[in-house]
Amino acid sequence: MMYGWRGKALRVDLNRKEICEEKLDPQVLKDFVGGRGLGMYYLIREADPLSDPLGEQNLLIMAAGPLTGTRAPTGARYMVMTQSPLTGAVTCSNSSGFFPAELKKTGLDMIIFDGKAREPVYLWIDGEHAELRSASHLWGKNTHETHDALLAETDSKARVACIGPAGERLVRFASIMNDRDRAAGRSGVGAVMGSKRLKAVVVRGKEEVPIWDEASFKEICRKYYEKFQEVQKVQPSTLRLHGTAVTVMATQNHGVFPTRNFQQGTFEGWEAIHGETLTRKYLVSPKACFSCPIACGRVTRVTEAPFQGEGEGPEYETIYALGSDCGVDNLAAVTKANYICNEMGMDTISMGATIASAMELSERGYLPEADVGRPLRFGDAEAIVELTRMTGLREGFGDILAEGSLRMAQEYGHPELAMVSKGQEFAGYDPRGEQGMGLAYATSSIGASHMRGDPAYIELLGVPMLIDPLTWKDKPLIVKDWQEVFAIIDSAGLCVFFTVRNLVAPTRDIRPIGIMELLNSATGAGYDMATLIRAGERICNIERFFLVRAGFSRKDDTLPPRILREPLPDGPAKGMVCHLDEMLIEYYQLRGWNQNGIPTEAKLRELGLEKVAEDLKKVRKI
């Protein structure tokens, strides 16, 4: 019997409609922790990085961590791994809510989907029983309709992860939505699910996750919950009060709040879309995920015509992308577009950033009004709502927006106006005023992402300490350390919001002390700090090797010309560009990669990746 880990994967061959269980190697689980690491281990072994991401050869892997479904604070995450149709790179998109915990309670750590169904199907897992059922009657329905219909025909206590019309129509940034409004949002994982004609996964667990040392685990959890509650008495969590949207003030004050497709770093209408405004005008109640003491989720309702609606959100990233980045200060419109993204199943970051790129193309005269079907200018609140709807259905100009900002900007002859790295749109931080974020965007294995070692915590928020966001000389080591700890967080099945404030050392290198304590008491694996950190480094390196096999190298670890050569025109970071080249050389050296950003054979063998090292010789000379 295993503890924390369930020790089983479910393989689903959609071509043959065959399902089988597979035992997982305990040493692999320890070496790669679970979740993101486990999924990446299988993806690197079984997927062809040169195949079509929307072809039936691509794998789609859903994996939970050893702490998912336990009472560990925020033990509510699962990861979706595949090759991205947006970037061509590996991707790993995560979500929380209650679906991940229910998945673990079915006795599984992971589900691997292969092939393509002849007709739409969904996977129903009821305890130890799993079957594929027809989803033809659900095809075309939005995520809310699908969720409700599946609970009615399976079990009212089940949990659902599904795609909407955007995933069915292969929108390149389609998301997978679980528990109605939680999103595995980035890089087009929903499009891969749609390409396989897999409409949903429905799970109903029958047993609790077994724990190695129940008494110790309970005591460790209690310690960290009490530590959190003590802080709340002195300073209540702004995440609970105002959600992630409270970040608007921090980015505005530091001059890194992306505005009008990153032409500026401050937005004159920021107060109208700030978290406190969202709370005052539209908040119904906070909402927590499984085993979460924070409750940063926002249940909201808008009654103002023509943007009325209800659901969850928007988050900070949505407010940046559909708000300031598009020059829109109408919070009702931003919230409505967010609702549409959730119901269609689309990433709000890529959606808003792609519209922002289109707005600049239009204002510069590169994008004809006839192609859009309407005038398109920054600040058009109605446009963001209508274009979001059109994109989810690939209707009219929405069919072009559905390809993402880089492909759209290339079509109109100006790829430099797509604010992307490796083809994926930036999150809501301008890297000219936050140098570490620039390096993190450029070197992220999945393309631009703040969730691949988020330097905003230490550069803007002072968590666990504040360092100068404008300096680049000390950032390579910080970014490397944070990327590795974030790999551990994702693999363990935890949420970064609680973890970086409570479960890591309050130092620049954020050693994962609390995570190690929880993992050891839950699994009995006996991690020490060096072994656990090495696991994070191992995960980062196998992700990099996937990129190498897919043809990525140093040339792809870059940022748009605007970020590298056009100084910020306003705000506290005025005059700054991102000093990426100065950081990249040192970063590669610290990683043990060569000057082209390729892991050396020595580094791979040091990490116990001998098979990967042998494969590297076949791919490219070191």
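This is a short dialogue on cysteines, aromatic rings and cavities in a predicted model.

Trainee: How many disulfides does the structure hold?

Mentor: It holds 0 disulfides.

Trainee: Why is cysteine 326 not bonded to cysteine 341?

Mentor: A disulfide needs two cysteine sulfurs within 2.5 Å. The closest cysteine sulfur to that of cysteine 326 is in cysteine 341, 11 Å away, so the gap is too far for a bond.

Trainee: What makes cysteine 326 count as buried?

Mentor: Buried means under 20% relative accessible area. Cysteine 326 has 0%, so it counts as buried.

Trainee: Why is cysteine 20 called partly exposed?

Mentor: Partly exposed lies between the 20% limit for buried and the 50% limit for exposed. Cysteine 20 has a relative accessible area of 40%, so the label is partly exposed.

Trainee: Now the rings. How many aromatic pairs does a search of the whole structure find?

Mentor: The search finds 16 aromatic pairs. One of them joins tyrosine 587 and tryptophan 593.

Trainee: What makes the rings of tyrosine 587 and tryptophan 593 a pair, and why edge-to-face?

Mentor: Two cut-offs apply: centres within 6.5 Å for a pair, and planes over 60 degrees apart for edge-to-face. Here the centres are 5.9 Å apart and the planes stand at 85 degrees, so both conditions are met.

Trainee: Are tyrosine 587 and tryptophan 593 buried or exposed?

Mentor: Tyrosine 587 has a relative accessible area of 1%, so it is buried. Tryptophan 593 has 7%, so it is buried too.

Trainee: Which residues do ring pairs link into a cluster?

Mentor: Phe262, Tyr320, Phe426 and Tyr441.

Trainee: Which charged end sits over the ring of tyrosine 42?

Mentor: That of arginine 45, 5.3 Å from the ring centre. The distance limit is 6 Å. Lysine 199 lies over the face of tryptophan 139, at 5.9 Å from the ring centre.

Trainee: How many cavities of 30 Å³ or more are there?

Mentor: There are 2. The largest holds about 110 Å³ of space, and the second largest has a volume of about 30 Å³.

Trainee: What lines the largest cavity?

Mentor: Its lining has 13 residues, with Thr443, Ser445, Gln483, Cys540 and Glu543 nearest the centre. Helix 23 gives the most, with 3 residues. By class, the lining divides into 3 nonpolar, 5 polar and 5 charged.

Trainee: Which strands each supply at least two residues of the lining of the second largest cavity?

Mentor: Strand 1 (8-13) and strand 8 (129-134). The residues lining that cavity include Lys8, Leu10, His129 and Ala130.

Methods: Residues are numbered from 1 along each chain as its sequence is written. This is a predicted model: local features need pLDDT of at least 70, side-chain atom pairs count only at pLDDT 80 or more; totals for chains, interfaces and linings use all residues. Side-chain values use heavy atoms; hydrogens and water are left out. Buried means under 20% relative accessible area, exposed over 50%, partly exposed in between (1.4 Å probe, protein chains only). Rings of Phe, Tyr and Trp (its six-membered ring) pair if their centres lie within 6.5 Å; planes under 30 degrees apart count as stacked, over 60 as edge-to-face and the rest as tilted. A charge sits over a ring if NZ of Lys or CZ of Arg is within 6 Å of the ring centre and within 35 degrees of the ring normal. On a 1 Å grid over the protein atoms alone, a cavity is a set of points where a 1.4 Å probe fits but cannot get out, and a pocket is an open set with protein on both sides within 12 Å along at least five of seven lines; lining residues have an atom within 4 Å of a point. Grid points are joined across faces, edges and corners, and a volume is the space filled by probe spheres set on the points. Helices (H or I, at least four residues) and strands (E, at least two) are DSSP runs, numbered from the N terminus. Ala, Val, Leu, Ile, Met, Phe, Trp, Tyr, Cys and Pro count as nonpolar, Asp, Glu, Lys and Arg as charged, and the others, Gly among them, as polar.
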